[in-house]
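Please read the following explanation alongside the sequence and the model. It goes through domains, cores, cavities and a few individual residues in turn.

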Amino acid sequence: MAFVHRHKGLVPYLLLLPGLGFLALFFVVPAYYLAHTSLQTGSLDAGYAFTWAWENYTDAISTYHEQLTRSLVYAGIATAIALAVSYPLAYWIAFRGGRWKTLFLLIVIAPFFVTYLIRTLAWQNILSDNGPVVEVLRAIGVLDDGERLLATSTAVVAGITYNFLPFMALPLYASLEQIDERLIEAAEDLYASRLQAFLRVTLPLSLPGVVAGTLLTFIPAAGDFVNAELLGTPREAMIGNVIQSKFLVITDYGQAAALSFVLMAAILALVLAYTRALGADRLAEAR
Amino acid sequence: MTSYAATPARVRSLPRAWAFVRRHLLTVYAALALLYLMLPIGVVVLFSFNDPVGRFNYTWEGFTLDHWLNPFGVPGIQESITTSLEIAALASLTATTLGTLIALALVRYAFRGRGATNIFIFLPMTTPEVVLGASLLTLFLNLGVSTGFWTIFIAHVMFNISFVVVTVRARIVGFDRHLEEAAMDLGANEWTTFWRVTLPLIAPGIVAGALIAFALSVDDFVITNFNAGATVTFPLYVWGAARIGVPPQVNVIGTAIFAVAVILMLANVLLQRRKEHA
């Protein structure tokens, strides 16, 4: 204690030390080993050697660009649908939820209380060939008799959308809830129509929530492999499926590690482009 | 004169009618969205009572209580749940300790590197799980560590720390420091003040962080899948079963986990309510 008394400035660093030390060891150092592994060649039998194998990257991209593109497209569509479903819902809870707000928010996060794999398997039930959804779609002629929902890209995107939707809805709700309703009333007093008031006041003020929700949904969705595995076929394989099987089944560690970095780079590029397009211009305008 | 007075009234009533319709459209939309969120949960519960023909629990065949009366009636399922609970208890305890210390430093002290620490804490949460799991596996591979119970433990502590920091920090931001000063004025030293004043006050935040860490640990599949070796947690059991047909017992366990989580959340909300009213 005497030591702490004499060096008060050290207290925060002492508090940080165990936690950040753990993260350094098991989050930062592994990133180094992932990079190291991505430049290795070899096999489980012959052993692995570090050979500056940049071809791991070029090979990975030329062989798996299809799965990579598919991941980004699926994640993009799922994020857009999640936004379209969540925004009105979050708006309604924030402004019309009344005394039941907490209950509605509980329903929004309720999917997280069901084990991830189990709630994905539930979509197998819902979309199954003799299930109610397929029968209704067949009855109204959207699906032909032989057509299925399960094992299609529709099923995979539906699963991804559902699984990550709360990540979209919660930040949207948080930003909408903070909006001072008097600002919207003021806009209407100044002869803005409800639509104008929404577009010029509510929407810009909720943009931070839109940005946060989009990123929190898109990033895990782009790396997901569970939905493609349980609701799709190898035709719907995403980049996560490739990384998973290369690490755990084929033990082609070099290319698997290279693919992980390619995925991170692709996500980072899209996130930067997105925040720049939406963040810089619109947020400045909102001010 | 009468027609002059009537026109504005009709004009005014039109947007009012439109607003009425729109208000209800939004409500209907929100209700449908909430139903959509609950639908798969209902399916999980429903199919825990199903009496499937054959190995696949896909279509409704008939009602039975058998699986609820015999939830561990499938080989391997009980062991996997025990493993999951053991890892979750150890990992959430460790992550909560480490995360709470970081949260305290971030909220209570102004120090060089605070901004950088805030950003750093976000990184594990914004990295795709498949990359987190893969990079940790390369560490263990390169160091020759064989994966199993303890590597899963390490992985779970790693991804949970950030979630604990965020949760605890949100709860202690509004903490009234005058209470601590009062304790010190009354002769308590820093250690006593921390144990008798600070800790009891921030305890609800710490409990919330621990609960979230526990839930995330029990639920995690992706990162665990990379670092499990031959150890089987409950999600890994479900993953293995998905290929050969998931027994309805999995739905029973899933429903039970859901029920426990909802009860804890409701208890938390009610406790909070009571405190606010008191």
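In this predicted model, the C-alpha centres of domain 1 and domain 2 of chain B are 42 Å apart. Domain 1 of chain B covers residues 2–47, and domain 2 of chain B covers residues 75–246.

The nonpolar interior is a useful place to continue. The largest nonpolar core contains 119 residues, and F247(A) and F226(B) have the most contacts inside it. The main contributor to this core is helix α3 of chain A, residues 55–96, which gives 18 residues. Domain 1 (2–47) and domain 2 (75–246) of chain B each give residues to this core as well, so the core lies between these two domains.

The surroundings of F247(A) can be listed in full, leaving out residues up to four places away in sequence. Within chain A, F247(A) touches L34(A), Y253(A), A256(A), A257(A) and S260(A). In chain B, F247(A) touches A134(B), L137(B), T138(B) and F226(B). Apart from the largest core there is another one, of 39 residues, which includes L15(A), F111(B), L136(B) and A155(B).

Cavities come next. How many cavities of 30 Å³ or more does a search of the whole structure find? The search finds three. The largest cavity has a volume of about 160 Å³. Its lining is made up of 14 residues, and those closest to the cavity centre are L121(A), Q124(A), N125(A), N57(B) and V246(B). Two helices each supply at least two lining residues: α5 of chain A (116–127) and α11 of chain B (248–277). The largest share, five residues, comes from α5(A). By residue type, the lining of the largest cavity has nine nonpolar residues, five polar residues and no charged residues.

Helix α11 of chain B also holds T255(B). Is T255(B) buried or exposed? T255(B) has a relative accessibility of 10%, and because the limit for burial is under 20%, T255(B) counts as buried. Its contacts, leaving aside neighbours within four places in sequence, are V44(B), V45(B), S48(B) and W68(B).

A second buried residue of chain B is N225(B), with 14% relative accessibility. N225(B) belongs to helix α9 of chain B, residues 222–227. Not counting residues up to four places away in sequence, N225(B) touches F225(A), Q244(A) and L248(A) in chain A and L236(B) in chain B. The C-alpha atom of N225(B) is 56 Å from that of A17(B), and the two residues are 208 residues apart along the chain.

Two residues in loops of chain A deserve a look for their backbone angles. Most residues other than glycine have a negative phi. Y191(A) has a positive phi, near 75 degrees, and is not a glycine. Y191(A) sits in the loop between α8 (181–189) and α9 (194–223) of chain A. With a relative accessible area of 77%, Y191(A) is exposed.

T251(A) also is not a glycine, and its phi is positive at about 50 degrees. The loop that holds T251(A) runs between α11 (239–248) and α12 (253–286) of chain A. Which side of the burial limit does T251(A) fall on? T251(A) counts as buried, at 16% relative accessibility. Of these two loop residues, then, Y191(A) is exposed, whereas T251(A) is buried.

Key. Residues are numbered from 1 along each chain as its sequence is written. Chains are lettered from A and ligands numbered from 1 in the order in which they are written. This is a predicted model: local features need pLDDT of at least 70, side-chain atom pairs count only at pLDDT 80 or more; totals for chains, interfaces and linings use all residues. Side-chain values use heavy atoms; hydrogens and water are left out. On a 1 Å grid over the protein atoms alone, a cavity is a set of points where a 1.4 Å probe fits but cannot get out, and a pocket is an open set with protein on both sides within 12 Å along at least five of seven lines; lining residues have an atom within 4 Å of a point. Grid points are joined across faces, edges and corners, and a volume is the space filled by probe spheres set on the points. Helices (H or I, at least four residues) and strands (E, at least two) are DSSP runs, numbered from the N terminus. Ala, Val, Leu, Ile, Met, Phe, Trp, Tyr, Cys and Pro count as nonpolar, Asp, Glu, Lys and Arg as charged, and the others, Gly among them, as polar. Domain bounds come from an automatic or database domain assignment. A nonpolar core is a set of buried Ala, Val, Leu, Ile, Met, Phe, Trp, Tyr and Cys residues joined through side-chain atoms within 4.5 Å. Buried means under 20% relative accessible area, exposed over 50%, partly exposed in between (1.4 Å probe, protein chains only). Contact means heavy atoms within 4.5 Å.
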